[in-house]
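Colleague: I am new to this one. Could you show me how to read its features, one at a time?

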Amino acid sequence: MPTGTSSFDVTATGVPRPGGSGRLAGHTVSRVGYGAMQIERLHGDRSAAVALLRRAVELGVDHIDTAQFYGNGFVNEIIREAVRPEDGVVVVTKIGADPDPGGPLPLRTAQRPEELRASVEDNLRSLGLDRLPVVNLRRLDIGPGVRAVGDQVVDLDDQLAVMTAMRDEGKIGAIGLGSVTLDGLRRALPAGIACVQNAYSLVTRADEDLVRLCAGEGIAWVPFFPLGGAFPQMPKVTDEPAVRDAAASIGCTPSQVGLAWLLRHAPNVLLIPGTANPGHLEANVAAGAITFDDATLAALDVVPSRSADIRL
């Protein structure tokens with residue numbers, strides 16, 4: 001361990017934590033993690049997929065976000081192959097949808113309690129684990145994305161009942177929520193919530209009250225689509241003139257500015273940017289070291305927020 005550092009400053013493998021350290025379900029993790037969805041793009045090159053994850057660990061990533069419906073289990077299999085126990089990586093998965101390779105989308109909603117339990121079992125098998133450190137229940141209350149209809153409209157209390165039961169059984173270490181409203185999170189707090197994943201970026205900041213509630217409750221805020229633009233109708237962080245100006249003045253990319261702003265915006269933010277490109281991975285991790293002067297930060301803070309409430 002380098003002189004003058006503590007065990008919180010470096011990962012289990014002794015690498016300095018990109019973005020510094022944060023807390024997730026009782027674990028200390030690097031504030032820049034990795035969202036594994038795009039590993040599916042490497043389906044035809046398994047060795048490249050494994051190498052990408054190994055590189056992430058080498059760079060100090062020890063928080064990986066995944067789901068069984070990413071590539072119909074392929075992404076989980078790659079994580080199982082690439083990540084070693086001694087890496088100290090916290091693998092976070094999510095439920096609320098299941099793979100549907102032959103459907104109009106590669107996933108289908110799976111919100112009923114029995115489906116949630118089956119999804120946990122699927123993740124345990126594909127990851128080769130006896131216990132999932134954190135499982136996010138992806139609600140479908142808010143966008144962007146698909147919404148629950150028919151028998152997929154399930155009361156949050158019924159879902160939390162099966163989640164807490166699985167936690168009591170030792171299958172789940174901690175419970176998170178995704179695509180949840182402010183009222184939904186308030187209802188769920190007695191169950192013990194470790195993290196919240198909502199669509200959130202510099203240009204889509206409707207959830208500021210949620211960010212503040214999470215910070216006050218010691219809950220990690222883990223934004224997905226941190227740069228916007230996931231769908232054609234969504235605003236993109238990298239299109240903003242203030243972001244481009246900041247990038248030019250600092251000497252980095254607009255994407256790095258968007259990620260760095262999130263880290264500086266709230267102390268409980270943990271990032272999980274995803275990519276299938278090793279160069280982009282390195283750039284995302286490097287964003288953890290970017291700082292802004294007061295004038296640049298003020299210019300970014302006044303970028304207008306727009307809606308991400310897009311239905312598929």
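Modeller: We start with contact, which means heavy atoms within 4.5 Å. Keep in mind that this is a predicted model. Now take helices α3 and α4. P113, L116, R117 and V120 in α3 meet D158, Q159, V162, A165, M166 and E169 in α4. By class, that contact has six nonpolar residues, one polar and three charged.

Colleague: At what angle do α3 and α4 pack?

Modeller: The angle is about 35°, and the axes are 9 Å apart. Helix α3 covers residues 113-127, and α4 covers 156-169. Their crossing is right-handed.

Colleague: Why do the contact residues of a helix come at intervals?

Modeller: An α-helix has 3.6 residues a turn, so residues three or four places apart point the same way. Look at another pair with that in mind. L52, R55 and A56 in α1 meet P278, L281 and E282 in α9. This contact has four nonpolar residues, two charged and no polar ones.

Colleague: Are α1 and α9 roughly parallel or roughly antiparallel?

Modeller: Angles under 35 degrees count as roughly parallel. Helix α1, residues 46-58, and helix α9, residues 278-286, pack at about 20°. Therefore α1 and α9 are roughly parallel to each other. Their axes lie 10 Å apart, and the crossing is right-handed.

Colleague: Now the sheet. How do I read its strands?

Modeller: Strands of a sheet pair through backbone hydrogen bonds, either parallel or antiparallel. Here seven strands form an open sheet, and the pairing is parallel. The order is β3-β4-β5-β8-β9-β10-β11. The edge strands, β3 (34-35) and β11, each pair on one side only.

Colleague: Over how many bridges do β4 and β5 pair?

Modeller: They pair over three bridges, in the parallel sense. Strand β4 spans residues 63-65. Its I64 has V91 in β5 as bridge partner. Further along, β9 (residues 175-178) pairs with β10 over four bridges, again parallel. There I175 has I193 in β10 as its partner.

Colleague: Which residues of β5 are buried on each side?

Modeller: Buried means under 20% relative accessible area. V90, V92 and K94 are buried on one side of β5, and V91, T93 and I95 on the other. Both faces are covered. Six of the six residues in this strand, 90-95, are buried.

Colleague: Which residues of α6 are buried?

Modeller: Helix α6 runs over residues 208-217, and its buried residues are E208, L210, V211, L213 and C214. What covers them includes α5 (182-188), β10 (193-197), β11 (220-221) and α8 (254-265). Just after α6, G218 takes a positive phi of about 70°.

Colleague: What about residues outside helices and strands? Is R17 buried or exposed?

Modeller: Use the cut-off: buried is under 20%. R17 has a relative accessible area of 11%, so it is buried. R17 sits in the segment before β1 (21-24). R17 and D62 are 45 residues apart in sequence, and their C-alpha atoms are 8.6 Å apart in space.

Colleague: And where is G143?

Modeller: G143 is in the loop between β8 (134-138) and α4. Its relative accessible area is 12%, so G143 is buried. Along the chain, G143 and S307 are 164 residues apart, while 9.2 Å separates their C-alpha atoms.

Conventions: Residues are numbered from 1 along each chain as its sequence is written. This is a predicted model: local features need pLDDT of at least 70, side-chain atom pairs count only at pLDDT 80 or more; totals for chains, interfaces and linings use all residues. Side-chain values use heavy atoms; hydrogens and water are left out. Buried means under 20% relative accessible area, exposed over 50%, partly exposed in between (1.4 Å probe, protein chains only). Helices (H or I, at least four residues) and strands (E, at least two) are DSSP runs, numbered from the N terminus. Two strands pair if DSSP finds at least two bridges between them. Axes are lines fitted to C-alpha atoms, for helices over the stretch in contact, and angles run from 0 to 180 degrees between N-to-C directions. Angles under 35 degrees count as roughly parallel, over 145 as roughly antiparallel, 65 to 115 as roughly perpendicular and the rest as oblique. A crossing is left-handed if the near helix is turned anticlockwise from the far one by less than a right angle, and right-handed if clockwise. Ala, Val, Leu, Ile, Met, Phe, Trp, Tyr, Cys and Pro count as nonpolar, Asp, Glu, Lys and Arg as charged, and the others, Gly among them, as polar.
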